[in-house]
Amino acid sequence: MSVCFGECLQSGMKTLLKGMLKQPFTEAERLYRMGVCLKKGDKRNLRDAFQKFKEASGIGHQEATKELAECYFHGRGCERDIVKSAELGNSKAALELGTITENESECVRYLWMASDSGEMDANLRLAEIYRNGRIVDKDEEESKRLFGIVTEGVEFQRENGFEWGINQE
């Protein structure tokens with residue numbers, strides 16, 4: 001009797017796994033792919049693409065969230081909203097907000113968001129802010145650390161009174 005139950009259980013697991021493998025996409029993936037098709041396809045419709053990315057992002061699809069951030073940043077299928085774009089992780093939007101925001105604490109927050117996403121311009125601006133003690137308390141160590149990130153892998157050359165850096169990476 002136990003052998004029969006074990007075989008039945010094993011057979012059921014195989015059937016279940018085969019069924020799972022046949023289902024190519026989750027709902028979020030399906031929505032994301034529809035959004036991509038609507039964004040680039042023959043029947044291009046940026047508004048509908050935006051809606052699909054928004055739905056897929058709401059379910060937790062990371063690529064859809066990136067696409068949604070791009071939609072907000074460029075105003076594709078929606079009103080341009082760089083704040084939403086930055087909050088969704090768009091580093092260019094965070095950098096832009098860090099340079100135009102009048103609220104100083106928000107400025108630094110957005111620059112850090114951009115810096116954390118790898119925007120070298122944000123690192124440079126933060127290094128200058130910390131070096132000058134503008135907006136935040138002066139911190140030479142933090143300024144040097146941030147400048148170090150910007151210049152890492154860059155070989156500087158000087159000729160005829162000009163200096164330039166070449167990224168060696």
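**View 1. Arg30 is partly exposed and pairs with Glu27.**
Arg30 has a relative accessible area of 36%. Partly exposed means between the two cut-offs: buried is under 20% relative accessible area and exposed is over 50%, with a 1.4 Å probe and protein chains only. Accessible areas come from the Shrake-Rupley method with that 1.4 Å probe, and for residues only the protein chains shown count as cover. The model is predicted, so local features need pLDDT of at least 70 and side-chain atom pairs count only at pLDDT 80 or more, while totals for chains, interfaces and linings use all residues. Residues are numbered from 1 along each chain as its sequence is written, and side-chain values use heavy atoms, leaving out hydrogens and water.
The side chain of Arg30 meets that of Glu27 in a salt bridge, 2.6 Å from N to O. A salt bridge needs a side-chain nitrogen of Lys or Arg within 4 Å of a carboxyl oxygen of Asp or Glu. By this rule, the count is nine salt bridges. Glu27 is partly exposed too, because its relative accessibility is 42%. How far apart are Arg30 and Glu27 in helix H2? They are three residues apart, which means about one helical turn.

**View 2. Glu29 and Arg33 form a salt bridge in helix H2.**
The closest N and O atoms of Glu29 and Arg33 are 2.7 Å apart. Four residues separate the two in helix H2, about one turn of the helix. Is Glu29 buried or exposed? Glu29 is buried, with a relative accessible area of 18%. Arg33, at 41% relative accessibility, counts as partly exposed.

**View 3. Arg109 and Glu87 join two helices.**
Their side chains meet in a salt bridge of 3.0 Å, N to O. The pair links distant parts of the chain, 22 residues apart. Arg109 lies in helix H7 (residues 104-116), and Glu87 lies in helix H5 (residues 82-87). Helices are DSSP runs of H or I with at least four residues; strands are runs of E with at least two; both are numbered from the N terminus. Arg109 is partly exposed at 34%. Glu87 is partly exposed at 44%. Which residues share a network of salt bridges here? The linked residues are Glu87, Glu106 and Arg109.

**View 4. Tyr32 and Phe53 form an aromatic pair.**
The structure holds three aromatic pairs. In one of them, the rings of Tyr32 and Phe53 have centres 6.0 Å apart and planes at 45 degrees, so the pair is tilted. Rings of Phe, Tyr and Trp (its six-membered ring) pair if their centres lie within 6.5 Å; planes under 30 degrees apart are stacked, over 60 are edge-to-face, and the rest are tilted. Tyr32 sits in helix H2 (residues 27-40) and Phe53 in helix H3 (residues 46-59), and 21 residues separate them. Both Tyr32 and Phe53 are buried.

**View 5. Phe50 and Tyr72 form an edge-to-face pair.**
Their ring centres are 5.3 Å apart, and their planes stand at 85 degrees. Phe50 is in helix H3 and Tyr72 in helix H4 (residues 62-74), so the pair ties together parts 22 residues apart in sequence. Phe50 is buried, with a relative accessible area of 3%. Tyr72 is buried at 8%.

**View 6. Ser57 and Ala28 are separated by 7.5 Å, C-alpha to C-alpha.**
Along the chain, Ser57 and Ala28 are 29 residues apart. Ser57 is in helix H3. At 15% relative accessibility, Ser57 counts as buried.

**View 7. Cys107 and Ile135 are 8.9 Å apart, C-alpha to C-alpha.**
In sequence, 28 residues separate the two. Cys107 is in helix H7. Cys107 counts as buried because its relative accessibility is 8%.

**View 8. Asp137, Asp139, Glu140 and Glu141 form a negative surface patch.**
Patches are made of residues with over 30% relative accessible area and no salt bridge; like charges are joined within 9 Å, and nonpolar side chains (Val, Leu, Ile, Met, Phe, Trp, Tyr) within 5 Å. Lys and Arg count as positive and Asp and Glu as negative, while His and the chain ends are not counted. The place of a charge is NZ of Lys, CZ of Arg, CG of Asp or CD of Glu. Glu141 is found in helix H9 (residues 140-151). At 58% relative accessibility, Glu141 counts as exposed.

**View 9. The whole chain has nine helices and two strands.**
Along the sequence, the pattern is α-α-α-α-α-α-α-α-α-β-β. Of the 169 residues of the chain, 30% count as buried.
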